[in-house]
Amino acid sequence: MAGASSHLKPLVSHIYTADPSAHVFNGRIYVYPSHDRETDIEDNDNGDQYDMNDYHVLSLPHIGGEVTDHGVALKQEDIPWVSKQLWAPDAATKNGKYYLYFPARDADGIFRIGVAVSDVPEGPFTPDPEPISGSYTIDPASFVDDDGQAYLYFGGLWGGQLQCWQTGVFDDKWSGPQEPKGTGPALLPRVAKLSEDMRSFDGEVHELSIVDEEGNLIIADDHDRRFFEAAWTHKYNGKYYFSYSTGDTHYLCYAIGDNPLGPFTYAGRILEPVEGWTTHHSIVEVEGKWYLFHHDTSLSGKNHLRCVKVRELVYDDAGKLRLAD
Ligand code: FUB
């Protein structure tokens, strides 16, 4: 099935890339994607086929400009605590250093979030020897507010194990492609403040409320709107925009709030389903215009071999977000 962006050209085609986190650092666009690779692992709903083992950083001078692949920025064999699956990363900068945040399974098969540090945005990055204390599940996304306070958003259902943490302790009986059902609240994404050195959580991990227009939490059975994975936060006109994937319904949605810790009110869809099971993105301002970086599988036709694309976004007068025509 052709998806909403199958006609667009991938950012690069010499490697497979996914889960793009885009930022402008020093006037240049840097993209931190997953680096998909061929494996013999069959597709399943636990995501075992996403068996990546390193990261490359891409950069470009402007949208449409020539893309540089800076090569391997971090690899699994250099991270002592990781057993497998380097999934969707993100990066942030503070005080002249660059930080790469990444999820991976530890020796017990539990997803944790690691951090690696570099003096330059393209890496290579040196990983801390242990994952961030108190971290769990997948898809870390950083956001640094205007006051300098940094936040890390994270979480992902099914293979991402968020449902295993309902009591605050990992519960293996929830492992695999499952989640709570019914009219009770859906599981919520997580957010933590980052400490001044960007390498640990400052205080507790919070649940991030996503509510409907009446102020009620989105319910578990509302798969068109409930959070699944791929958290991203950006700020526009003083409001905070939290965007995410709905997973098995394959939408990119967003919600708007007045505080980076929430609550966020559901505001609509950014992207209809694309080719491939997963959908994942970032939103970044470049020279006064806003862009959606996302992926599909149009380069390979296979769920685990994805390619990154970019599209322009526009806001209407009420701050609602949509793809540019
Ligand atoms: O790339 C592996 C996983 O697929 C990511 O962590 C999810 O967001 C989904 O894109």
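These are legends for several close-up views of one predicted protein model.

**Before you start: how to read the views.** Residues are numbered from 1 along each chain as its sequence is written, and side-chain values use heavy atoms, with hydrogens and water left out. Since this is a predicted model, local features need pLDDT of at least 70 and side-chain atom pairs count only at pLDDT 80 or more, while totals for chains, interfaces and linings use all residues.

**View 1. The whole chain, built with strands and no helices.** The protein chain has 21 strands and zero helices (both are DSSP runs numbered from the N terminus: helices are H or I with at least four residues, strands are E with at least two). Its radius of gyration is 18 Å, close to the 20 Å that the globule rule gives for 325 residues, so the chain is as compact as a globular protein of that length. That radius is taken over C-alpha atoms, and the globule rule is 2.2 Å times the number of residues to the power 0.38. Along its principal axes, the C-alpha trace spans about 50 × 45 × 45 Å. Of the 325 residues, 58% are buried (buried means under 20% relative accessible area, exposed over 50%, partly exposed in between, with a 1.4 Å probe and protein chains only). Take the contacts between residues at least 6 apart in sequence: 52% of them join residues at least 24 apart (a contact means heavy atoms within 4.5 Å).

**View 2. The outside of the chain and its charges.** The accessible surface comes to about 13,000 Å², and 45% of that belongs to carbon and sulfur atoms (areas come from the Shrake-Rupley method with a 1.4 Å probe; for residues, only the protein chains shown count as cover). How many positive and negative side chains are there in the protein chain? There are 26 positive and 51 negative ones, and the centres of the two sets lie 1 Å apart. Lys and Arg count as positive and Asp and Glu as negative, while His and the chain ends are not counted. Each charge is placed at NZ of Lys, CZ of Arg, CG of Asp or CD of Glu.

**View 3. The hairpin of β1 and β2.** Strand β1 covers residues 16-25, and eight of its ten residues are buried. Its partner is strand β2 (residues 28-36), which runs antiparallel to β1 and is joined to it by eight bridges (two strands pair if DSSP finds at least two bridges between them). One pairing to look for is Y16 with its bridge partner D36 in β2. Two residues sit between the strands of this hairpin, and N26 in the turn has a positive phi of about 55°. Back in β1 you'll find D19, a residue other than glycine with a positive phi near 50°. At 6% relative accessibility, D19 counts as buried.

**View 4. A five-strand open sheet.** The order of the strands here is β13-β17-β16-β15-β14, with mixed pairing. At the edges are β13 (210-211) and β14 (229-236), each pairing on one side only. Further in, β15 (residues 239-245) and β16 (residues 252-257) are antiparallel and share six bridges. In that pair, F242 has A255 in β16 as its bridge partner. Edge strand β14 holds A230, which has a positive phi of about 65° although it is not a glycine. Is A230 buried or exposed? A230 counts as buried, at 0% relative accessibility.

**View 5. Two buried threonines in loops.** T279 sits in the loop between β17 (264-271) and β18 (281-286). With a relative accessible area of 2%, T279 is buried. Beyond its neighbours within four places in sequence, T279 touches several residues, among them A230, S245, L271 and H295. T246 is in the loop between β15 and β16, and T246 is buried too, at 0% relative accessibility. Setting aside neighbours within four places in sequence, the contacts of T246 include H223, D224, F228 and C253. Y101 lies 145 residues from T246 along the chain, and 22 Å separates their C-alpha atoms.

**View 6. Two cis peptide bonds.** One cis bond joins G123 and P124, with omega about 5°. P124 is in the loop between β7 (111-118) and β8 (126-127). Another cis bond runs from G262 to P263, with omega near 0°. To find P263, look in the loop between β16 and β17.
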